[in-house]
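Reader: Please take me through one part of this structure in detail. I would like to follow a single helix and the partners that pack on it.

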Amino acid sequence: MDRLKNFFSYFFGAGDSVEFRNFTPAHFIPILLMIAVILLIWRFRDRLREYRNEKKIRLALALVMIITEMSYFWRLVGVPSLGANPEDHLPITLCGWGVIFASYMLVTKNQTLFDIPYFWLFSGTVFALITPTVITYTGPTRFRYYQFWIEHTAGYIAVFYMIFVHRMRPTLKSAVKAWAATAVMAGVAFFANELIGGKANYLFMARPEETKSILDFLPSNYAVRVLFMAAAVTLLFFLSYLPWLISDRKKMKKKAQDGAGGKEVTEENV
């Protein structure tokens, strides 16, 4: 019994030394698994679309996402040794809300619930995949490692599932909605950071994190930092939409050429 208790205490606990390092097998394996699942969805998209119980697949994935997100808070509440301060763990994150929106998107197939996670994934969550600083002290022997990777990869799987299987896609209107949602979240984060008085750093707006991340290049000055982040988000939103824009332009060009060709044939027949 004591061994089991010690195991759970360790597994759900927080490390006191660096256990996770960037660009190691522990970093690459979850990302490769995510890519493999997405490729399988693309490969079998037609079968999935016609599968009689396809909705159950979406419901199962949504359930996994919700449980994974909630387990983050369950762990903080259920393990007193973590010494978690509620002020530092409020649900003010793009990744967390992106998972929630994406899970309900799977259930409802709602376009807006697709739009926001799509742009958040490629403008915010992607940085968590590149430099997952929040799990520096929790490696593959800890619960937090698995919770983090399931949460941050499931959103991509859900969005690509809807793209490949249900042919959903973003539009320019989608980008505007996602940008507005980001602005609202940034406003909430700003007031939370101010009210808590320097302890919180929601959306990494207040200051650089203690552990190294891709956001370290941002200036420490609050106002300049926020301006840089707003510009970066706007650019990333554009880059996220660029493949669709290029595809649309190609289709329009081809349609115009086909139309011109048809007109020439008609004139010749006359």
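Author: What follows is a close look at helix H7 and its surroundings.

The model is predicted. First, the setting. The protein chain has 9 helices and 0 strands. Along the sequence, the pattern reads α-α-α-α-α-α-α-α-α. The chain has 270 residues, and 39% of them count as buried. Among contacts with a separation of 6 or more, 73% join residues 24 or more positions apart.

Now the core. The largest nonpolar core holds 57 residues. Met 65, Met 105, Leu 106, Phe 114 and Trp 149 touch the most other members. Helices giving two or more residues to this core are H2 (25-43), H4 (54-78), H5 (94-108), H6 (112-130), H7 (143-166), H8 (172-196) and H9 (222-269). H7 gives the largest share, 13 residues. That makes H7 the helix to follow here.

Three packing partners of H7 are taken in turn: H2, H4 and H6. Two packed helices are described by the angle between their axes and the distance between the axes.

Start with H2. Its axis lies 9 Å from that of H7, at an angle of about 20°. The two helices are therefore roughly parallel, since angles under 35 degrees count as such. H2 and H7 cross in a right-handed sense. On the H2 side, the contact uses Ala 26, His 27, Pro 30, Ile 31, Met 34, Val 37, Ile 38, Ile 41 and Trp 42. On the H7 side, it uses Tyr 145, Trp 149, Thr 153, Tyr 156, Ile 157, Phe 160, Tyr 161, Phe 164 and Val 165. By class, these residues are 16 nonpolar and 2 polar, with no charged. Just before H2 comes a backbone detail. Phe 23 sits in the loop between helix H1 (2-11) and H2. Phe 23 is not a glycine, yet it has a positive phi of about 60°.

Next is H6. H6 and H7 pack with axes 10 Å apart, at about 140°. This pair is therefore oblique. H6 passes H7 in a left-handed crossing. H6 brings Phe 114, Pro 117, Tyr 118, Leu 121, Phe 122, Thr 125, Val 126, Ala 128 and Leu 129 to the contact. H7 answers with Phe 148, Trp 149, His 152, Thr 153, Gly 155, Tyr 156, Val 159, Phe 160, Met 162 and Ile 163. The classes are 15 nonpolar and 4 polar, again with no charged. Trp 149 of H7 is part of this contact, and Trp 149 also meets H2. Phe 114 of H6 takes part here. Both Phe 114 and Trp 149 are among the core residues that touch the most other members.

Then H4. H4 and H7 pack at about 150°, with their axes 10 Å apart. They are therefore roughly antiparallel, as the angle is over 145 degrees. The crossing of H4 past H7 is left-handed. This contact has 13 nonpolar, 5 polar and 6 charged residues.

One charged residue of H4 deserves a closer look. Arg 58 lies in H4. Arg 58 counts as buried because its relative accessible area is 5%, under the 20% limit. Beyond its sequence neighbours within four places, Arg 58 contacts Leu 106, Val 107, Lys 109, Tyr 161, Met 162 and His 166. The C-alpha atoms of Arg 58 and Ser 103 are 8.5 Å apart, across 45 residues of sequence.

Two of those partners lead onward. Leu 106 touches Arg 58, Leu 61, Ala 62, Met 65, Ala 158, Tyr 161 and Met 162, leaving out residues up to four places away in sequence. Tyr 161 and Met 162 thus appear in the contact lists of Arg 58 and Leu 106. Lys 109 lies in the loop between H5 and H6. Lys 109 is not a glycine either, and its phi is positive, about 60°. With 40% relative accessibility, Lys 109 counts as partly exposed.

One last stop lies past the other end of H4. Asp 88 is in the loop between H4 and H5. Asp 88 counts as partly exposed, at 33% relative accessibility. Outside the residues up to four places away, Asp 88 touches Lys 199, Ala 200 and Tyr 202. Asp 88 and Tyr 202 are 114 residues apart along the chain, with C-alpha atoms separated by 8.3 Å.

Methods: Residues are numbered from 1 along each chain as its sequence is written. This is a predicted model: local features need pLDDT of at least 70, side-chain atom pairs count only at pLDDT 80 or more; totals for chains, interfaces and linings use all residues. Side-chain values use heavy atoms; hydrogens and water are left out. A nonpolar core is a set of buried Ala, Val, Leu, Ile, Met, Phe, Trp, Tyr and Cys residues joined through side-chain atoms within 4.5 Å. Buried means under 20% relative accessible area, exposed over 50%, partly exposed in between (1.4 Å probe, protein chains only). Helices (H or I, at least four residues) and strands (E, at least two) are DSSP runs, numbered from the N terminus. Contact means heavy atoms within 4.5 Å. Axes are lines fitted to C-alpha atoms, for helices over the stretch in contact, and angles run from 0 to 180 degrees between N-to-C directions. Angles under 35 degrees count as roughly parallel, over 145 as roughly antiparallel, 65 to 115 as roughly perpendicular and the rest as oblique. A crossing is left-handed if the near helix is turned anticlockwise from the far one by less than a right angle, and right-handed if clockwise. Ala, Val, Leu, Ile, Met, Phe, Trp, Tyr, Cys and Pro count as nonpolar, Asp, Glu, Lys and Arg as charged, and the others, Gly among them, as polar.
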